[in-house]
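Reader: Hey, I'm new to this one. Can you walk me through it?

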Amino acid sequence: MGHGLTPVARIALAVGAAGAAAFAWGTLVERRRFTLRRVEVPVLPAGSEPIRVLHVSDLHMAPWQRDKQAWIASLADLRPDLVIDTGDNLGHRRGLDGVRRAFEPFRGVPGVFVNGSNDYFGPVVKNPLSYFGGPSGMVTRAERLDIGELHAFFGELGWVDLDNAATSMEIRGTHLEFFGVDDPHRGFDRLDVVAAAIDDLRADDAFGDDDWPDRGSGTRVRPAVTIGVTHAPYRRVLNSFVNHGAQLLVAGHTHGGQVCVPGFGALVTNCDLPRSQASGLSIWRHGLRSAFLNVSAGLGTSITAPVRFACPPEATLMTLVASP
């Protein structure tokens, strides 16, 4: 059988079979191969106790995804000191049912969160080739989701909303300063509002003691580790965060490329972030300043494009340690 095929036909048959096998792997196996990535980030003052930060992103949750919900819930066994959620939690009009099951074990663990566009809008079918033309645009026919209900649940957990806002907290003896933006992919970020929120936060933390460092405003404030949080890591946002003194930037959105080429990596990032920084821990430089950047490849996909290849779903356990 097949002995009468031409060489070109045999090649086409082989390519088709390989493509079918890759598609089956990506849809049936890899998108459920949940992975915990562990990294150390040296940003704490000398002598500080390590802080364990669980970074989760892009759940795109549907209520029937019980395996994903159970795996996320099991991460509570890591006993993180802090959870950072970088958005796109919802993937269905009843996605909150699954989000509740996933995050209920984290009740009482400090956390911060920002919105992604899919917390506002339900999934729609898109042409995957369109991502090669640049970041995806707004789809007017998308269903509106109940983001207020999502925020109410996160509030019940004790998590702080960082959408165009700033806050601070003490964890394991270290003063942490946070600021974040609403989804930049839809242009909901207000960097001017964030700048004012940072000024207000630092005014509240101001001290007269000359031992406190001057942040450039003439007031001396309590030493802090500063963390910038965004869903989509657009350059304008990362640069602004670095300008405001962030030492660690935390983001999602890219899905790590979602479909990658082994040995090459992500083909797209769905924003203006360089492909080489589509996932993992790297250094973001802006002018003479720099910060660590952790981009999560995320834990889900849209239910309209349920495939991952060479890019398994992930959460990240970041252990913040003393800087050398």
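Reader: Let's start with the cysteines. Which cysteine sulfur is closest to the sulfur of Cys311, and how far away is it?
Author: That would be the sulfur of Cys260, at 4.2 Å, which is too far for a bond. Keep in mind that this is a predicted model.

Reader: What's the cut-off for a bond, then?
Author: The two sulfurs have to be within 2.5 Å to count as a disulfide.

Reader: And how many disulfides does the structure hold?
Author: The count is 0.

Reader: Is Cys311 buried or exposed?
Author: Cys311 is buried, with a relative accessible area of 6%. Cys271 is buried as well, at 10% relative accessibility.

Reader: OK, zooming out. What is the chain made of in terms of helices and strands?
Author: The chain has 6 helices and 16 strands.

Reader: How much of it is buried?
Author: Of the 324 residues in the chain, 51% are buried. On the outside, about 14,500 Å² is exposed, and carbon and sulfur atoms supply 56% of that area.

Reader: What about contacts between residues far apart in sequence?
Author: Take the contacts with a separation of 6 or more: 71% of them involve residues 24 or more positions apart.

Reader: Now the strands. In what order do they sit in the open sheet?
Author: The order is S1-S16-S2-S3-S4-S5, so 6 strands in an open sheet, with mixed pairing.

Reader: Which ones are at the edges?
Author: Strand S1 (35-44) and strand S5 (159-161) are the edge strands, each pairing on one side only. From one strand to the next, the twist averages 20°.

Reader: What holds strands together in a sheet, generally?
Author: Strands pair through backbone hydrogen bonds, and they can do it parallel or antiparallel.

Reader: Which is it for S3 and S4, parallel or antiparallel?
Author: S3 and S4 run parallel and are joined by 3 bridges. To find one of the pairs, look at Ile84, whose bridge partner in S4 is Val112.

Reader: Which strands does H4 lie across?
Author: H4 lies across S3, S4 and S5, and runs at about 135° to S5.

Reader: Let's move along the chain. What does S15 pair with?
Author: One partner is strand S11 (residues 248-251), which runs parallel to strand S15 (residues 289-295) and is joined to it by 4 bridges. Another is strand S14 (residues 280-286), which runs antiparallel to S15 with 7 bridges.

Reader: Who's opposite Val295 in those pairings?
Author: Val295 turns up in both pairings. Val295 is the bridge partner of Ala251, and Gly280 stands opposite Val295 too.

Reader: What's in the hairpin of S14 and S15?
Author: There are 2 residues between the strands, and Gly287 takes a positive phi near 60° in that hairpin.

Reader: Switching to charges. How many salt bridges are there?
Author: A search of the whole structure finds 12. In one of them, the side chains of Glu143 and Arg93 meet at 3.0 Å, N to O.

Reader: Why does that pair tie together separate parts of the chain?
Author: Glu143 is in the loop between strand S4 (111-113) and helix H4 (147-157), while Arg93 is in the loop between strand S3 (82-85) and helix H3 (95-103), so the pair links parts that are 50 residues apart in sequence.

Reader: How exposed are those two?
Author: Arg93 is exposed, with a relative accessible area of 60%, whereas Glu143 is partly exposed at 34%.

Reader: What does Arg100 form a salt bridge with?
Author: Arg100 forms one with Glu156, and their closest N and O atoms are 3.9 Å apart. Arg100 lies in helix H3 and Glu156 in helix H4, so this pair ties together parts that are 56 residues apart in sequence. Both residues are partly exposed: Arg100 at 30% relative accessibility, Glu156 at 43%.

Reader: Which residues are linked with them in a network?
Author: The network of salt bridges links Arg100, Glu104, Arg107 and Glu156. Within it, Arg107 and Glu104 form a salt bridge with their closest N and O atoms 2.6 Å apart. Arg107 is partly exposed, with a relative accessible area of 39%, and Glu104 is partly exposed at 37%.

Technical notes:
Residues numbered from 1 in each chain as written. Predicted model: local features only at pLDDT ≥ 70, side-chain atom pairs only at ≥ 80, totals over all residues. Heavy atoms only, no water. Buried < 20%, exposed > 50% of the residue type's maximum accessible area, 1.4 Å probe, protein only. Contact = heavy atoms within 4.5 Å. Areas by Shrake-Rupley, 256 points an atom, 1.4 Å probe, with all protein chains shown as cover. Salt bridge = Lys/Arg side-chain N within 4 Å of Asp/Glu carboxyl O. Pairing = 2+ DSSP bridges. Axes fitted to C-alpha atoms, helices over the stretch in contact; angles between N-to-C directions.
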